[in-house]
Amino acid sequence: MSKKESDQNQEKVSIDTRLVHGKDFSSAWNFKNHVVPPMTSNTTYRLESVERGAQGFAEFGGDEQEHPIWVYDRLDEPNNLMLEEQLAYLEKGDNAVTFSSGMGAISAVCLATLKAGDCVYSDPTIYGCTYSLFSNWLPKFNLDVKWKDSQKKDFLDKPPENLRLVYLESVANPNLKIAPLKQICDRVKEINKTRAPDKKVLVAVDNTFATPLGCKPLSLGADFSIQSLTKNIAGFGTELGGAVVTKKEWSTPLKVVRKDFGAVLNSKSSWHILNHGIPTLNLRFKKQQESARKISAFLLEEKEVEQVLYPSLKSHPNYENAKEVLTTDENGDINAGFMISFTLKGGNERTKNFINFLAQKSYSITLAVSLGLTKTLVEVPRLMTHSSLDDSASAEGDISAKLIRLSIGIENPEDIINDLKSGLEHITK
Ligand SMILES: *Cc1c(COP(=O)(O)O)cnc(C)c1O
């Protein structure tokens, strides 16, 4: 098959097929030889001439990735490049840039876009380490981080001249809050009409909870979609990684940040994510979501349960935003994903009692941080992943010590439900 024919076919195939096969003619590997691209284990590349070496540095980070000159792994790397091609495809972006972790990706967006004196608007409901980055580190570089509730109508009224970055999570960790992302991006477009190119407001969205299957922030008008690959994209709990999917003009600045700050994704990790995580993502997501729908419906009926937060439930506080921001499945139902948060009636002690029972007695539910794995995980964010929030931030972000976060795996949902039932029975004794 000629290159051209094959390229045309890859445009026509469904997402399931494309995630299994990847880009047919990637410049990073010749698929004539292997069915699975080999794990690249190499840091530097043979250069035929001084001229070619110089050219490699001169062209580094450029848009022309058809035939990159491989120089050194901190610049570009074949497994990473193939993974980046798949991630850009998944999120409908021009480019993706991988990093060593989700936090590496978030820091890189800050480093690429901000300079001293700039202002950042962030919703207070965000991942604990992002909160720590914004409250402990950015102010050291004279960056002014303002915590603003993105649900409020006046979120972007009269933004200051130095506002450069609006930072949100599409489905927020840990309480699944969903911002009116489309309206926010439209408002930013309005604001940017009168701003010089280097003063334009940019929108960065952490899309980890939703995954690229549940939300496509770039299609809604965002400039950056960030993934902690560690979660559902790697999917098996074996690799750390991060990525930023973006428009063409931000690919080079992000690669330069990666080159100079060094948060490079290890090629052995990207190989696993490319060959195991990505091809099974759709399959895992569908199974997890199907179970999450059943489990959220079960929790809703339980009398010991006070509140269930799952984006496709009409009782979700941001259900209207969910309909606009999240994608739908083949039946037109919201792709609400695999995360469920809920609270129990009674105080914090009862919650602890319930979680400790699961930690010790449950077979299918594991007490652990992280999410998006094949195994079902449970945690109490306020005491674990979000413990770096101070009390006012946790109150503002609606993250109490009663909130329980569940990440649904690929087990049989009936087993997960039975374990939850035993936990609920235990606390009523
Ligand atoms: C886990 C997580 C991160 C950080 O990702 P790492 O890969 O652990 O660095 C960022 N954002 C969200 C929403 C997360 O859940």
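A polar contact is taken here as a pair of N or O atoms within 3.5 Å, and in this predicted model the side chain of K231 meets that criterion, because one of its N or O atoms is 2.8 Å from an oxygen atom of the ligand. The side chain of T230 likewise places an N or O atom 2.6 Å from an oxygen atom of the ligand, and a polar side-chain atom of S228 lies 2.8 Å from a ligand oxygen atom. The protein covers 92% of the 380 Å² of accessible area that the ligand has on its own.

The shell around the ligand comprises 15 residues, of which G102, D206, S228, T230 and K231 come nearest. When these residues are grouped by class, the shell is found to contain seven polar, five nonpolar and three charged residues. With regard to secondary structure, helix α5, which spans residues 102-113, gives the most to this shell, contributing three residues.

Apart from the ligand shell, the surface was examined for nonpolar patches. One such patch is formed by L367, V369, L383 and M384, which together have about 290 Å² of accessible area. Within this patch, L367 is located in strand β10, which covers residues 365-367. The relative accessible area of L367 is 31%, and this residue is therefore classed as partly exposed, since the value falls between the 20% under which a residue counts as buried and the 50% over which a residue counts as exposed. The value of 31% for L367 also satisfies the requirement of over 30% relative accessible area that applies to patch residues.

Methods. Residues are numbered from 1 along each chain as its sequence is written. This is a predicted model: local features need pLDDT of at least 70, side-chain atom pairs count only at pLDDT 80 or more; totals for chains, interfaces and linings use all residues. Side-chain values use heavy atoms; hydrogens and water are left out. A residue is near a molecule or strand if one of its heavy atoms lies within 4 Å of it. A polar contact is a pair of N or O atoms within 3.5 Å; within protein, one must be able to donate a hydrogen and the other to accept it, and residues adjacent in sequence count only if both atoms are side-chain atoms. Accessible areas come from the Shrake-Rupley method with a 1.4 Å probe; for residues, only the protein chains shown count as cover. Helices (H or I, at least four residues) and strands (E, at least two) are DSSP runs, numbered from the N terminus. Ala, Val, Leu, Ile, Met, Phe, Trp, Tyr, Cys and Pro count as nonpolar, Asp, Glu, Lys and Arg as charged, and the others, Gly among them, as polar. Patches are made of residues with over 30% relative accessible area and no salt bridge: like charges are joined within 9 Å, nonpolar side chains (Val, Leu, Ile, Met, Phe, Trp, Tyr) within 5 Å. A salt bridge is a side-chain nitrogen of Lys or Arg within 4 Å of a carboxyl oxygen of Asp or Glu. Buried means under 20% relative accessible area, exposed over 50%, partly exposed in between (1.4 Å probe, protein chains only).
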